[in-house]
Amino acid sequence: PMLAQRLASHTLTNLFVNTVAAMVADALGEPTFADIVERMTPEALPLLKHELHQRGVLSMTYWFCALSVNQHDNICAGFGPAPPEGTADFKLYDSKRRDTVTRRIYPVCQCPTIKHFNN
């Protein structure tokens, strides 16, 4: 096994390409990822990869939680405890458990996977 040199977290509301671009920007020492996203096209990617190689960071290792942890075993059974109805916290909680187009509550998984929670 290879130990990670960096940890990269994510949010489910962010685009995957932005998270990958942020890791590339970090490896290159760039303060933001916006310019990196533009360089991640199929045409420009070989030049970006060459730059990573030239700077000696192409093999830098990241622990990217979205790919390194089985999140299914702790999120598929529900949405967590609901805050009291009628509160601002409940409104936020409720909005995150609904499809943004249909406004229907997402179905929860019925799989037999053993769940692992913090408590």
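These legends walk through several close-up views of a predicted model.

**View 1. Phe16 and Phe64 form an aromatic pair.** Let's start with the rings: the structure holds 2 aromatic pairs, and this view shows the one made by Phe16 and Phe64. Their ring centres are 5.8 Å apart and the planes stand at 40°, so the pair is tilted; the tilted class covers angles that are neither under 30 degrees nor over 60. Phe16 belongs to helix 1 (residues 16–28) and Phe64 to strand 2 (residues 62–64), so this pair ties together parts that are 48 residues apart in sequence. Is Phe64 buried or exposed? Phe64 counts as buried because its relative accessibility is 6%, and buried means under 20%.

**View 2. Phe90 and Tyr93 pair within helix 6.** Here the ring centres of Phe90 and Tyr93 lie 5.9 Å apart, and with planes at 40° this pair is tilted. Where do the two residues sit along the chain? Both are in helix 6 (residues 88–96), and because they are 3 residues apart, about one helical turn separates them. Phe90 and Tyr93 are both buried.

**View 3. Helix 1 packs against helix 3.** Look next at how two helices meet. Helix 3 spans residues 45–54, and its axis is 10 Å from that of helix 1, at an angle of about 35°. The two helices make a left-handed crossing. Which residues meet here? From helix 1 come Val24, Ala27 and Leu28, while helix 3 brings Leu48, Glu51 and Leu52. Sorted by class, this contact has 5 nonpolar residues, 1 charged residue and no polar ones. Glu51 is the charged one, because Glu is classed as charged.

**View 4. Asn18 is a buried residue of helix 1.** Staying with helix 1, we can zoom in on Asn18. Its relative accessibility is 15%, so Asn18 counts as buried. The side chain of Asn18 is joined to that of Asn14 by a polar contact of 3.2 Å. Leaving aside residues up to four places away in sequence, Asn18 touches Phe33 and Val37.

**View 5. Arg103 has a positive phi.** The last stop is in the segment after helix 6, where Arg103 is found. What is notable about its backbone? Arg103 has a phi of about 65°, which is positive although this residue is not a glycine. For context, most residues other than glycine have a negative phi. With a relative accessible area of 40%, Arg103 is partly exposed, because that class lies between the limits of 20% and 50%.

Note on methods: Residues numbered from 1 in each chain as written. Predicted model: local features only at pLDDT ≥ 70, side-chain atom pairs only at ≥ 80, totals over all residues. Heavy atoms only, no water. Phe/Tyr/Trp six-rings, centres within 6.5 Å; stacked < 30°, edge-to-face > 60°. Helix = DSSP H or I, 4+ residues; strand = E, 2+ residues; numbered from the N terminus. Buried < 20%, exposed > 50% of the residue type's maximum accessible area, 1.4 Å probe, protein only. Axes fitted to C-alpha atoms, helices over the stretch in contact; angles between N-to-C directions. Left-handed = near helix turned anticlockwise from the far one by under 90°. Contact = heavy atoms within 4.5 Å. Polar contact = N/O pair within 3.5 Å; in protein donor to acceptor, adjacent residues only side chain to side chain.
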